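Take a walk through this protein with the model open beside the text. Keep the sequence at hand to find each residue by its number.

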Amino acid sequence: MKNFAYVRTSSVSEAVQQASSQPNAMFIAGGTNLVDRMKAFLDQPTQLIDITRLDMTRIESSRDGMRLGALVSNTAVADHPEIRRNYPMVSRAILLGASQQIRNVATVGGNLLQRTRCPYYYDTAFACNKRQPGSGCAALTGINRMHALFGASDQCIAVHPSDMCVPLAALDAIVEVEGSQGKRQIPFTEFHRLPENTPQRDSNLEPGELITAIVLPSLPFAQSSVYLKLRDRASYAFALVSVAAAIEVASDRKIQAARLAMGGVAHKPWRLTTAEQFLIGKPAQAETFQQAAEIAMQAAQPLSDNRFKVGLGQRAIRRALTIAANGGGVA
């Protein structure tokens with residue numbers, strides 16, 4: 001990695017001011033992805049702003065839901081009794097996402113800002129518009145087994161790597177940020193970007209803005225939610241496809257509400273709103289779940305090597321809905 005300046009800040013406003021005055025500065029907390037990118041010369045900040053001492057380490061609950069400070073560790077979220085009870089798909093996604101050692105230092109805010117693990121992005125011998133805009137996308141004609149089914153462009157077909165972000169999209173979480181223009185809230189489904197013609201931009205954060213917290217809205221039927229992850233190996237591999245599912249089933253077994261999102265299929269966590277709408281009022285049974293799965297995957301645009309993910313995604317959705325309808329639990 002290249003030489004850089006280092007500064008430790010004592011307040012959010014100081015951190016934001018420092019970042020705003022240094023165009024090529026970056027925030028660092030756990031650094032579990034950033035340091036890897038710096039070692040590979042993918043990120044070359046002139047300054048790292050250490051935010052680990054800031055007051056963003058609390059998990060707070062209220063009638064309206066829960067607020068997770070941006071510096072709360074992934075381990076603390078996954079193990080929190082209220083998260084495990086009220087949002088089990090969040091806890092499960094984190095536990096399936098990384099080793100214990102990584103979870104102990106990785107933070108909530110940092111999890112949102114992970115960059116793709118596309119091998120062509122990491123290998124500087126290949127063209128990559130995300131790494132060097134205008135250079136091309138080697139994955140389009142290369143090995144694209146792990147790449148996107150939805151929302152891709154001819155500029156980039158990479159997928160977002162986070163597990164935790166998938167249930168956050170399903171829950172309609174809110175991202176709280178602070179920048180030089182003040183504080184604002186970003187709906188989670190609007191936080192990450194699709195590649196379009198600017199694949200180098202992963203999020204809608206403005207320069208110098210800092211994530212301060214994630215808010216999980218109250219959603220009672222999320223208590224029976226599930227996170228299902230399908231991968232090549234059980235030892236912390238990234239998802240081929242993953243599904244976060246929660247449904248509310250009335251006493252007559254009709255579906256009253258539904259939340260569905262997928263990971264491993266797009267440049268951002270992919271919310272399945274059309275399938276959610278289809279489920280409302282339908283009986284909670286295998287035929288309904290199969291139809292919802294087919295609807296969810298209708299818009300998929302498979303590549304040369306990942307067509308198998310369409311059928312795999314359908315089966316994963318059907319299974320996740322079945323588990324959620326029967327009280328949730330470990331998939």
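The paragraphs below deal with paired charges, a surface patch and the empty spaces inside. One point comes before them: this is a predicted model.

Start with charge. Side chains of opposite charge can pair when their charged atoms come close. How many salt bridges does the structure hold? The count is 14.

Take Asp 50 and Arg 8 as one example. Their side chains meet in a salt bridge, with N to O at 3.6 Å. The two residues are 42 apart along the chain, and the pair links distant parts of it. Asp 50 sits in strand E3, which runs over residues 47-50, while Arg 8 belongs to strand E1. Are the two partners buried or exposed? Asp 50 is buried, because its relative accessible area is 7%, and buried means under 20%. Arg 8 has a relative accessible area of 42%, so Arg 8 counts as partly exposed.

Arg 37 and Asp 43 make another pair. The closest N and O atoms of this salt bridge are 2.3 Å apart. Here Arg 37 is buried, and Asp 43 is buried too.

Next, look at Arg 58 and Glu 60. A salt bridge joins their side chains at 3.4 Å, N to O. Which residues belong to the network around this pair? Salt bridges with shared partners tie Asp 55, Arg 58, Glu 60, Arg 67 and Glu 176 into one network. Arg 58 is partly exposed because its relative accessibility is 43%. Glu 60 stands at 34% and is therefore partly exposed as well.

Now go back to strand E1, which covers residues 5-8 and contains Tyr 6. Together with Met 1 and Phe 4, Tyr 6 makes a nonpolar surface patch of about 300 Å². Why can Tyr 6 belong to a patch? Tyr 6 has a relative accessible area of 47%, and patches are made of residues with over 30%, so Tyr 6 passes that cut-off.

Leave the surface patch and turn to empty space. Rolling a probe the size of a water molecule over the atoms shows where empty space is left.

Look at an open space, the second largest pocket. The pocket holds about 390 Å³. Its lining takes in 25 residues, and those closest to the centre are Arg 117, Met 146, Val 159, Phe 238 and Ala 239. By class, twelve of the lining residues are nonpolar, seven are polar and six are charged.

Then there are the enclosed spaces. The whole structure has two cavities of 30 Å³ or more. The largest cavity holds about 80 Å³. Which residues lie closest to its centre? They are Cys 118, Cys 128, Cys 137, Cys 156 and Ala 158, out of 16 that line the largest cavity. The lining has eleven nonpolar residues, four polar ones and one charged.

The second largest cavity has about 50 Å³ of space. Its lining includes Gln 114, Arg 115, Thr 116, Lys 130 and Val 159. His 160, Arg 193, Asp 202 and His 267 also line this cavity. By class, one lining residue is nonpolar, four are polar and four are charged. Find Val 159 once more in the model. Val 159 is among the residues closest to the centre of the second largest pocket, and Val 159 also lines the second largest cavity.

Notes. Residues numbered from 1 in each chain as written. Predicted model: local features only at pLDDT ≥ 70, side-chain atom pairs only at ≥ 80, totals over all residues. Heavy atoms only, no water. 1 Å grid on protein atoms, 1.4 Å probe; cavity = no way out; pocket = protein on both sides within 12 Å on 5 of 7 lines; lining within 4 Å. Points joined across faces, edges and corners; volume = space filled by probe spheres on them. Nonpolar A, V, L, I, M, F, W, Y, C, P; charged D, E, K, R; others polar. Patch = residues over 30% accessible without salt bridge, like charges linked within 9 Å, V, L, I, M, F, W, Y side chains within 5 Å. Areas by Shrake-Rupley, 256 points an atom, 1.4 Å probe, with all protein chains shown as cover. Salt bridge = Lys/Arg side-chain N within 4 Å of Asp/Glu carboxyl O. Helix = DSSP H or I, 4+ residues; strand = E, 2+ residues; numbered from the N terminus. Buried < 20%, exposed > 50% of the residue type's maximum accessible area, 1.4 Å probe, protein only.
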